[in-house]
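The exercises below take one predicted model of several chains, and each task is followed by a solution that goes step by step. Please keep the sequence and the structure open while you work through them.

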Amino acid sequence: MAKIKLSEKKLQELKDICTSFNHEKGELINVLHKAQGLFGYLPAEVQEIIAKELNVSVAHVYGVVTFYSFFTMTPKGEHPISVCLGTACYVRGADKVLEEFKRILNIQVGETSADGKFSLSCLRCVGACGLAPVVMVGEKVYGRVSPDGVKDIVAEYRN
Amino acid sequence: MAKKQLRIALRNCGVIDPERIEEYIERDGYLALGKVLTELSPEAAIEIIKKSGLRGRGGGGFSTGLKWDITRRVKADQKYVVCNADEGDPGAFMDRSVLEGDPHSVIEAMAINGYCTGASKGLVYIRAEYPLAIERLKIAMKQASEWGFLGTNILGTGFNFEIEIRYGAGAFVCGEETALIHSMEGLRGEPTVKPPFPSESGYLEKPTNVNNVETYANVPVIINKGWEWFAGIGTEKSKGTKVFALAGKINKVGLIEVPMGTTLREVIFEIGGGLQDGATFKAVQTGGPSGGCLMEKHLDIPIDYDNLIAAGSMMGSGGMIVMDDANCMVSIAKFYLEFTVEESCGKCSPCRIGNKRLFELLEKITGGNGTPEDLDKLRNLSHVIKDTSLCGLGQTSPNPVLSTLENFYEEYREHVFDKKCRSSVCKSLMMYIIDAEKCIGCTLCARNCPVNAITGERKLAHYIDPEKCIKCGACMEKCKFGAIFIN
Amino acid sequence: MWRMYGEMQIRRNFYQLMRRDEMEMIHLTIDGKPVTAEKGTTILKAASTVGVDIPTLCYFELRDLGIENKPGGCRICVVEVEGRRNLAPACTTKVENGMVVNTHNIRVLNARRTVLELILSDHPAECLTCAKNGNCELQSMAQQLGVRELPYTGEQSTYRKDTSPAIIRDVDKCIMCRRCEMMCNEVQTVGALSAVNRGFMAVVAPAFEMNLEKSTCTYCGQCVSVCPTGALTEVDHSRNVINALADPTKTVVVQTAPAVRAALGEEFGLAPGTLVTGKMAAALRRLGFNYVFDTDFAADLTIMEEGSELLDRLSRYLKGDKTVKLPMLTSCCPGWVNFFEHYFPELRDIPSTAKSPQQMFGPIAKEYFAKKLGIDRKNMIVVSIMPCLAKKYECQREEFKVNGDPDVNYSLSTRELAHLIKSANIDFDSLPEEGFDNPMGESTGASVIFGTTGGVIEAACRTAYELYTGKKLKKVDFKELRGFENIRHATIDFDGLPIKIGIAHGLGNARKLLEDIKEGRNQFHAIEIMACPGGCIGGGGQPYHHGDSEILKQRAAALYREDEGKAIRKSHENPFIIELYKEFLGKPLGEKSHHLLHTKYFDKSAGVFVEE
Amino acid sequence: MTRITSLKDLQRLRDDLKAQTSARSDKANPDSIIQVKVAMATCGIASGARPVMDYMKEELEKRNIHALVTQTGCMCYCYAEPTIEVTIPGKEPVVFGFVTTKKADEIIERYIRKGETVEGIIARDYETIDSK
């Protein structure tokens, strides 16, 4: 039992996920969703175990993981911030909101702040265009966000 | 005055509690399923859908009845019906609203579709970004099973049908049928060449009928009210209504549902209440990243599948984004191309590389380095990408470029020849200048410039070094005398 | 996944068969010519029947072997179908009645060239120093379509270069034709490669874009043999060989594998299937090798060891020894060895422990011949000429070294040897036919057929039969073991004892056969497996066949021809082998043989990150 | 839970449910009740529909107003979220936009209790399948 970084408990949970999908290779994307829910991201170790459990090649799993923007191999912050850059949000100035997040958090898109509290990403339309520009922190949606409102959103999670 | 909107697909949204099946049943829910199972043969039911003139609301506009008929005719031991709820067009959210507000209508329509095509299994492919829609759909599925609208021997007719959920994972291209099917099979969501169509060989190589949420939401009403009723709404070739997600610089942002044939002007100015803050209408973008930007002269076109295509755009899934003078059309085209470049699956070369090159050309133009030759290149390359790409994504991705080139050529011309962006969006083409007449030399601007681009003696007119200026606009904001302007 | 890919393959073949049964004929027009084609035929194939050649890039087919790649991705083969809005890919669009197709009009030519210009705009212009220079399909396409400038330029996608013991991945040159992916997954079921990322950054790579060396790659080299560009090439050892030849303190010995002689000529413009054994020996001598030997000699030795092992296991099995495992699997192919070490480690006690001919040659050269010459093994350099890329890896395996000195120092592919000969300005065609040096140059007809699928087991049968029955074979040829079917079964009558034989070529077929055995669906006494489709003649180091399966057949035929022409056709009758046992080894499976000629296998199934 | 086993059963159930509902909004019926629907789709929730719904439930109970507060999907007036619909027996349903808890208080006190007109009413601008 060398090389492995996952705890025995998490490993078992991951295997249980695969079992719950009958080790069906067709369920790979559903399994990856659950696994990402469990670990917060999909490190190589996790993909290797999933490949073994579903009897597919690791290259195949990695090929799928890198195809879908929802899956990530880097750990996200405690409060992942996603700025919607869908068309409706864009024409209403979402880019300026994004710039403000970058400035306040001092990170780029795809990065996690040094204290691990925040990570910043962009997404394409959460379907709340009526509230454009829209920002999501975790599962919570903030609508009609202005650049000035950014610091308040961040402050909500700072402590 | 007659009301412009007619809610068919949205009939129950905002009316019933989506988590209570009783409220759906009260509004004739599952009656269409009951009628089809008890009184109609699959062929007869398909005939109703065919005659109603319902066309795919996901963008393709293919006859729904015909699609069902093709799937029905293929012989196979197992068939599938799939609901495409991977609403990927940025700016469109009608599918989410239907699933959040009226999930049973989709379940009912899928069951009807299953009966008509000979499928006992349905799959809903839904975006993972829609947690509430997923939750409500799951509740509805559970209720439908408990009440006997899903499962075995439905309504005592011997018909069996069940539904499973498959999650999307953030890939726009999975809106394309074949890519969607691959994604459901646990593969990369790459499209394959059609034919064979999914109706012949789809999920697990079995005949598969794919329709989107809005299309399904229309089906129970057509059965209940008859095809004649539905076919009486809309234009000659496009029947019924279409839901649009009205967004952008418009007063009444929201979902609207209008009969086909309503004009863009009616939608934007009557239903949508015109532009925000009295701004001037410049363009309306329809059809999402595959569509195009239409202008003032198109406003009186009656909206239907064919008219929008003729005007250089398309229906798409129904995003409708209104733009005003503050939007630079070259930048809008660039915005869409950036989206396409990110969402291209990379399988075919024209889409993988061609769109990247289109984006780079637009970057060059908005960056102030465009040449007249680049405009020709944009046009030629766009045509080749449309002509040679493998799937719908690449075949339509140059539309925003072509439509803006056609309708807003003057803006491209200004960017390239005059090095000007009339909407002051393209920073590289902007120049901040201090009006020496108005400047009193208070030094406030110089002190606020983050890159020390402003020089000048106290009480004397200041000067901005255009080489150093990063066009942040801080100086203009701070100046109390209105001495700084953009050229 | 392997199973899935396998199924896809079968299904496709099945549908093709179905279509043949229907035999419905379709009438259409291509470039003004009337064409009749079977229903289900693609425009590409229909056009070729009337001499219309539509250029393709990603499309690849090895007919008769059931290998076809048509993702419809490169879009070079687009043609105009009248009445259709956009252009259609000829490789995947099926013919329809009344179709009117234009394959080379202005619209098509413009689109085709633009698409190629786009591909080239994301491809490094390093042709002069590229390993594929002169053999590159992209290069010839640019030439054919008359590309003179690149109107659309911009960012190029860049990736890390990856060098493994056998294969170099320079994926900046990848054009996403997906041939390698198809070979690795569908044909070989190795699963080392997959398309990763998407859009502009999409490329074919191992998991986590880590080095091939850390993946499940078997180094079979089939990806290299189908790559149209320089994205996948072999690790070139010719420079090391030149340095050794230039070093006066070294005695440089060369061995040539059976399949090389049937293909090398193609590099010099000779017809496929031309045997160039004599010219090859002459060329090697001109290049300055001190001794020109033949791997065929070692192949005869392999038969002695492996054949004896089979007989030993068989007789113990027949006597009821429950510890004996059957079937015995051949172990000559290093790609195959890597494969079962990765995927079937639990079966690793059933392959023969006999080393491959390359690795039998090594110790005989360095432990026997070097001593005969009175030189230290360190001063002997053994070079092999192989149709194979996995051989490069094989000679680097730790168990094949003595104090860090490999038994075989360098392995050159057939292609590398051709380059060497050309660069030394040797006029290959006018060379005289020369023989090999002795003692390790003499071989039998049995050893030469090692180069094709079915050959190793036929050679083994010739010897095992005579040793087991004590009788002379009336007929040396075992025709029932020959052919190109993916998996073959045959029963050989060992004088009343029916010996069941299984043969598979291509690792995907090997996987199927092994799974059959694991699940008890089939029982065999002996099984021959070769990693490459067609066997070594179709090896990853052979001259590029560009998808012409006829070439493979010609190469195989050439080997059988050479076998037929040999005076001695059974390994145990090779006089130098007999002499070698007498003088040095003792007896097959003896102590010395065991030490020098047998090996063991390892469990490589553990993941890179997780070990359980 | 009732398992429906035939089209007839379904039709009967539908008729029963319809009768119940119309009774609920019939002024003459002593059991009639004030109905409040809160648009609880993603947009609505993001704009604060949940606290509004909770507030309505609590306050109506506190103030002894016999009312039924339920959730519903998107009313499609996204620009005016959160939106609620109030039906007083015997009257047409009325949709209010931009409803905060403060606004909710005003709606309860002035519209529900006193029947006064309150600002922020969104006129229904569509026809339904029943009317067309």
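**Exercise 1.** Locate H546(C) in chain C, and state what is unusual about its phi.

*Solution.* Begin with the position: H546(C) lies in the loop that runs between strand β22 (526–530) and helix α17 (549–565) of chain C, where helices (H or I, at least four residues) and strands (E, at least two) are DSSP runs numbered from the N terminus. Next, take the backbone angle, for phi of H546(C) is near 50 degrees, a positive value in a residue other than glycine. Finally, consider the surface: H546(C) is partly exposed, with a relative accessible area of 42%, given that buried means under 20% relative accessible area, exposed over 50% and partly exposed in between (1.4 Å probe, protein chains only).

Before going on, note how the model is read: residues are numbered from 1 along each chain as its sequence is written, while chains are lettered from A and ligands numbered from 1 in the order in which they are written. This is a predicted model, in which local features need pLDDT of at least 70, side-chain atom pairs count only at pLDDT 80 or more, and totals for chains, interfaces and linings use all residues, and side-chain values use heavy atoms, with hydrogens and water left out.

**Exercise 2.** Decide whether N403(C) is buried or exposed, and describe its backbone.

*Solution.* N403(C) sits in the loop between β17 (401–402) and β18 (405–406) of chain C. Its phi is positive, at about 50 degrees, although N403(C) is not a glycine. As for the surface, N403(C) is exposed, with a relative accessible area of 74%.

**Exercise 3.** Find the cis peptide bonds that precede P327(C) and P82(D), and place each proline in its chain.

*Solution.* In chain C, the bond that joins L326(C) and P327(C) is cis, with omega about 0 degrees, and P327(C) has its place in the loop between α9 (295–318) and β15 (328–329). In chain D, the peptide bond from E81(D) to P82(D) is cis, with omega near -5 degrees, and P82(D) is found in the loop between β2 (67–72) and β3 (84–87).

**Exercise 4.** Describe the surroundings of E341(C): which residues is it in contact with, leaving aside neighbours within four places in sequence?

*Solution.* First, E341(C) belongs to helix α10 (residues 334–343) of chain C, and it is buried, with a relative accessible area of 0%. With contact meaning heavy atoms within 4.5 Å, and with neighbours within four places in sequence left aside, E341(C) is in contact with R397(C), Y601(C), F602(C), D603(C), K604(C) and S605(C). Looking at single atoms, the side chain of E341(C) reaches the backbone nitrogen of F602(C) at 2.9 Å.

**Exercise 5.** Summarise chain C as a whole.

*Solution.* Start with the elements, of which chain C has 19 helices and 22 strands. The radius of gyration of chain C is 25 Å, close to the 25 Å that the globule rule gives for 612 residues, so chain C is as compact as a globular protein of that length; this radius is taken over C-alpha atoms, and the rule is 2.2 Å times the number of residues to the power 0.38. Along the principal axes, the C-alpha atoms of chain C fill a box of roughly 80 × 55 × 55 Å. Of its 612 residues, 64% count as buried, and among contacts between residues at least 6 apart in sequence, 74% join residues at least 24 apart.

**Exercise 6.** Work out which chains touch, and what chain D buries against chain A.

*Solution.* Among the five pairs of chains that touch, the most contacts are between chains B and D, whereas no contact joins chain C and chain D, whose closest C-alpha atoms lie 30 Å apart. Between chain D and chain A, the contact takes nine residues from chain D and six residues from chain A. The area buried between these two chains is about 510 Å², of which carbon and sulfur atoms give 62%; buried area is the accessible area (1.4 Å probe) that two parts lose on being put together, summed over both. T42(D), C43(D) and A46(D) supply 61% of the area that chain D buries against chain A, more than any other three residues.

Notes:
Polar contact = N/O pair within 3.5 Å; in protein donor to acceptor, adjacent residues only side chain to side chain.
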